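Here are some exercises to work through with the model open beside you. Try each task yourself before you read its solution.

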Amino acid sequence: MSLSPASGIGRFYKHSAKIIRFVRLGCTNRPFYHIVVMERRKNQHQPVIEQVGSYDPMPNENNERLVALNTERIRFWLGKGAHMSEPAAELLGISGLLPVHPRTYMTAWRNRKAAAEAAALAEAEGSQKAAETA
Amino acid sequence: MSLFRHIRKLNALQNVRQLSSAGLKSSTLQYATDPQPQFTDAETQQLLQSMTQLQLDKVFRKRTVPDNSVHTQFMTTAQLEKEFLQTIEKAQQLLQMPPVVKIKEDTERIISKDPALKDFATTKYVFTDITFGLPQSERKVVVRDVDGTLSYATLDITKRMNQLYFPLDGRKFYTPRMFSDEQLFQRCLDEHKYEFILDRLTVQYEPYEAEFHNISAKVFEHLNESKQFDQLRSTRHFGPMAFFYAWHRCIDDLLYDMIRRDYLLNAVQLIALSYKIHKVPLDYQATLRQLEELQPSPAVKALAELRSGLRQHQAKGIENEIQTAIGKTETDFQADEISLRFIEQYIGSEHALKKVQLELAVQTLKELNLEKQQLYEGLKKAHGVQQQAS
């Protein structure tokens, strides 16, 4: 699998559907994504029109996930009517460039609910143990 | 790969040490108010540049870089003249001083708070704008925290991201160990590698960072004790150093060094600078103007030095020969007299701290000058120059 160049060599029709999406690079167990613009109908590893950013989903030593966005080009392609894949739309929502995606709110709510349930369970277990020892 | 692993290990070690000693201790002398307006002032800049001097041998000396090659070429006199002017211009560029500005404070700038986004992820996200052609200062870096707050990144993170996506030549992603380890830094100072430290400091840090101020202040303080000011003369760090001493009222050691090396014009400029910074009601401008008329600026002096190599085939007058033998001209003696008067006035005032030392230096210089002048006049008389002139 060869890297797709950032300037892009992908050929495209003028009126074809374009999409801003991730391309999974990196290797097994170590994902790394390029954020690219390409024709919607194409496979992710085919030549892209343009690379507009990168996303490293694994936290670094300072516990941050790093995202680079070429906002000028992203706005250009959105203005041209490019679509967005759901993960890309979520990321752009988190970045503050677009409104926050509904799915992000869903994830946040589910995470909070799961955490609350886990806390309640831990508390219940703790009180049970205390009752047994007493 | 093993090399990388080794470097990683060293850096991990450094982190441990940093935690134990929290980096370098802060220096004692710091700029209390914003020094930038005083430093960028045209008059101050001119004084500092003149004090730095322009010794071409030192500016274009061999450096520890891969390419020190010399290019040889035949040229006509006109081409050579053009080349000389370009050389001076390039030397002045190489002597550009790193600015002295106040430390930039880190302010928290929140863009939006969204409590509904709490716990959307386990770590925070850092977004960097990589739009083509933006300068580093205008590049936006924003952080989405785990609790859903979107804010501009701190200076620290911004610098890290800039270095990651748009690396600067020579700047390291991690703090170089000589700046984080007290012992290593002290060793650099003890070996008097001032220029090396300051050069690396300028590459690694921005002038508005606290580390830049802290480390440069430490170097200047050490330099003031070891008194090896000549190492920095004709480098880009001499100006900020002189400014530092003038600001913190400790110019006496530098002044003594200047008098001892017979750079009286620079000594006068240093005193004038300190008067200017501390707003001492004393008219130094008249003296400076007089001296400037009598003595050429460093660039002119360097150009004359370059041209002097050209005219060797021409017959020199006997007066010229006497001047080169003694090293001073008549106007130099006049300028020295004016400067000495000004310096003595400073030593007499309450601003001088090491009066005895300075007085001695001035006295020695005066005797030397007197001897030279007597010799000069004697030689002139012996060769019958005076009759020609009158």
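In the sheet that joins the chains, Val126(B) of E2(B) is the bridge partner of Leu66(A). Before we go on, some ground rules: this is a predicted model, in which local features need pLDDT of at least 70 and side-chain atom pairs count only at pLDDT 80 or more, while totals for chains, interfaces and linings use all residues. Residues are numbered from 1 along each chain as its sequence is written, and chains are lettered from A and ligands numbered from 1 in the order in which they are written.

**Exercise 1. The shared sheet**

Task: Find how strand E4 (residues 64-69) of chain A pairs with E2(B), and place both in their sheet.

Solution:
- Step 1. Helices (H or I, at least four residues) and strands (E, at least two) are DSSP runs, numbered from the N terminus. Two strands pair if DSSP finds at least two bridges between them.
- Step 2. E4(A) and E2(B) are joined by six bridges, in the parallel sense. Besides the pair Leu66(A) and Val126(B), you can look for Leu69(A), which stands opposite Asp129(B).
- Step 3. Now trace the whole sheet, an open one of nine strands with mixed pairing: E5(A)-E1(A)-E2(A)-E3(A)-E4(A)-E2(B)-E3(B)-E4(B)-E1(B).
- Step 4. Finish at the edges, where E5 (83-84) of chain A and E1 of chain B each have a single partner strand, so one side of each has no neighbour in the sheet.
- Step 5. Helix H2 (residues 86-95) of chain A lies across E1, E2, E3, E4 and E5 of chain A and across E2 and E3 of chain B. H2(A) runs at about 95 degrees to E1(A); axes are lines fitted to C-alpha atoms, for helices over the stretch in contact, and angles run from 0 to 180 degrees between N-to-C directions.

**Exercise 2. The chain contact**

Task: Describe the side of chain B that touches chain A, by element and by residue class.

Solution:
- Step 1. Residues are in contact if their C-beta atoms, placed from the backbone, lie within 7 Å. By this rule, chain A gives 23 residues and chain B gives 21 residues.
- Step 2. On the chain B side, two or more residues come from each of strand E1 (110-112), strand E2 (124-129) and strand E3 (141-144). The largest share, six residues, belongs to E2(B).
- Step 3. Sorted by class, this side has eleven nonpolar, four polar and six charged residues. Here Ala, Val, Leu, Ile, Met, Phe, Trp, Tyr, Cys and Pro count as nonpolar, Asp, Glu, Lys and Arg as charged, and the others, Gly among them, as polar.

**Exercise 3. Two partners of one helix**

Task: Work out how helix H3 (residues 42-52) of chain B packs on H11(B) and on H13(B).

Solution:
- Step 1. With H11 (residues 238-247) of chain B, the angle is about 115 degrees and the axes are 8 Å apart. This crossing is right-handed; a crossing is left-handed if the near helix is turned anticlockwise from the far one by less than a right angle, and right-handed if clockwise.
- Step 2. H3(B) contributes Leu48(B), Gln49(B), Met51(B) and Thr52(B), facing Phe238(B), Gly239(B), Ala242(B) and Phe243(B) of H11(B). The classes are five nonpolar, three polar and no charged residues.
- Step 3. With H13 (residues 264-277) of chain B, the angle is about 150 degrees and the axes are 9 Å apart. The two helices are therefore roughly antiparallel, and their crossing is left-handed. Angles under 35 degrees count as roughly parallel, over 145 as roughly antiparallel, 65 to 115 as roughly perpendicular and the rest as oblique.
- Step 4. Residues in this contact include Leu47(B) and Met51(B) of H3(B) and Leu270(B) and Leu273(B) of H13(B). By class there are five nonpolar, four polar and two charged residues.

Note on methods
Two residues are in contact if their C-beta atoms, placed from the backbone, lie within 7 Å.
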